[in-house]
Amino acid sequence: MITYEDFERANLFFDAKDYAGAARLLAPIVEEEPGNRAAVELLARSYFHSAQLGRAEEAFRRLVELDPCNGWAHEALARTLERRSRHDEARTYRNLARAMGVGSAEKVDVSLTAADLV
């Protein structure tokens with residue numbers, strides 16, 4: 001059984017910049033609670049920062065699916081796709097993010113959460 005303390009521990013790992021460690025703790029949380037947007041977002045950010053870009057893409061896509069109006073999630077997915085040299089595909093998500101009022105990746109750090117942008 002996953003507890004809130006497990007999520008908080010993963011958050012501590014992320015804050016300590018142990019992104020791979022945070023991802024290891026978060027993966028079972030997201031598996032048990034696939035609709036938990038906070039856990040999915042932190043997992044995606046952990047994968048992104050630990051250069052696990054395929055997993056980051058999958059997690060950001062899940063976040064966009066869970067919350068299609070989250071412009072930050074679209075921008076983070078665009079940035080992930082760009083890092084994977086898929087610029088044409090990234091453009092679609094970047095345009096959606098801009099339409100939702102979120103600036104480009106040069107202005108938005110993917111280490112920020114959606115709540116930080118409000």
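The following exercises, each with a worked solution, concern a predicted model of a protein.

**Exercise 1. Overall architecture**

Determine the secondary-structure content of the protein and its order along the sequence.

*Solution.* Step 1: the protein contains seven helices and zero strands. Step 2: read along the sequence, these elements give the pattern α-α-α-α-α-α-α. Step 3: of the 118 residues in the protein, 43% are buried. Step 4: consider the contacts between residues at least 6 apart in sequence; 53% of them join residues at least 24 apart.

**Exercise 2. Helix H2 and its kink**

Describe the length of H2, locate its kink, and identify what covers its buried residues.

*Solution.* Step 1: H2 consists of 14 residues, and the distance from its first C-alpha to its last is 20 Å, close to the 20 Å expected at 1.5 Å a residue. Step 2: the helix nevertheless has a kink of about 30° at Leu26, shortly before the proline Pro28. Step 3: the buried residues of H2 are Tyr19, Gly21, Ala22, Ala23, Leu26, Ile29 and Val30. Leu26, the site of the kink, is thus listed among the buried residues. Step 4: the cover over the buried residues of H2 includes helix H1 (4–15), H3 and H4.

**Exercise 3. The largest pocket**

Which residues line the largest pocket, and which helices supply them?

*Solution.* Step 1: the largest pocket holds about 190 Å³ of space. Step 2: its lining is formed by Ala27, Val30, Glu31, Leu43, Tyr47, Arg55, Glu58, Ala59 and Arg62. Step 3: at least two lining residues come from each of helix H2 (19–32), helix H3 (37–49) and helix H4 (53–66). H4 provides the largest share, four residues. Step 4: sorted by class, the lining comprises five nonpolar, no polar and four charged residues.

**Exercise 4. Ala27, a residue of the pocket lining**

Is Ala27 buried, partly exposed or exposed, and which residues does Ala27 touch beyond four places in sequence?

*Solution.* Step 1: Ala27 belongs to helix H2. Step 2: the relative accessible area of Ala27 is 28%, so this residue is partly exposed. Step 3: leaving aside residues up to four places away in sequence, Ala27 touches Leu43 and Tyr47. Both of these contact partners also appear in the lining of the largest pocket, as does Ala27. Step 4: Ala27 and Ala44 are 17 residues apart in sequence, and their C-alpha atoms are 9.8 Å apart in space.

**Exercise 5. Helices H4 and H5**

Examine the span of H4 and of H5, and the burial of H4 and of H5.

*Solution.* Step 1: the 14 residues of H4 should span 20 Å at 1.5 Å a residue, and the end C-alpha atoms are 19 Å apart, which agrees. Step 2: H5 has 13 residues and reaches 19 Å from its first C-alpha to its last, close to the 18 Å expected at 1.5 Å a residue. Step 3: in H4 the buried residues are Leu53, Ala56, Glu57, Ala59, Phe60, Leu63 and Val64, and their cover includes H3 and H5. Step 4: eleven of the 13 residues of H5 are buried, so H5 is largely enclosed by the rest of the structure. Among them are Trp72, His74, Glu75 and Glu82.

**Exercise 6. The surroundings of Thr80**

Is Thr80 buried or exposed, and which residues does Thr80 touch beyond four places in sequence?

*Solution.* Step 1: Thr80 lies in helix H5 (residues 71–83). Step 2: Thr80 counts as buried because its relative accessibility is 0%, under the 20% limit. Step 3: with residues up to four places away in sequence excluded, Thr80 touches Phe48, Leu53, Ala56, Glu57 and Phe60. Step 4: the contact partner Phe48 is found in helix H3 and, at 6% relative accessibility, also counts as buried. Phe48 and Tyr19 are 29 residues apart in sequence, with their C-alpha atoms 8.5 Å apart in space.

**Exercise 7. Positive phi angles**

Where in the structure are Ala51 and Ser85, and what is the phi of Ala51 and of Ser85?

*Solution.* Step 1: most residues other than glycine have a negative phi. Step 2: Ala51, although not a glycine, has a positive phi of about 60° and is found in the loop between H3 and H4. Step 3: Ser85, also not a glycine, has a positive phi of about 60° and is found in the loop between H5 and helix H6 (87–99). Step 4: with a relative accessible area of 58%, Ser85 is exposed.

Terms used
Residues are numbered from 1 along each chain as its sequence is written. This is a predicted model: local features need pLDDT of at least 70, side-chain atom pairs count only at pLDDT 80 or more; totals for chains, interfaces and linings use all residues. Side-chain values use heavy atoms; hydrogens and water are left out. On a 1 Å grid over the protein atoms alone, a cavity is a set of points where a 1.4 Å probe fits but cannot get out, and a pocket is an open set with protein on both sides within 12 Å along at least five of seven lines; lining residues have an atom within 4 Å of a point. Grid points are joined across faces, edges and corners, and a volume is the space filled by probe spheres set on the points. Ala, Val, Leu, Ile, Met, Phe, Trp, Tyr, Cys and Pro count as nonpolar, Asp, Glu, Lys and Arg as charged, and the others, Gly among them, as polar. The expected span of a helix is 1.5 Å times one less than its number of residues. The bend at a residue is the angle between axes fitted to the seven residues ending there and the seven starting there. Buried means under 20% relative accessible area, exposed over 50%, partly exposed in between (1.4 Å probe, protein chains only). Contact means heavy atoms within 4.5 Å.
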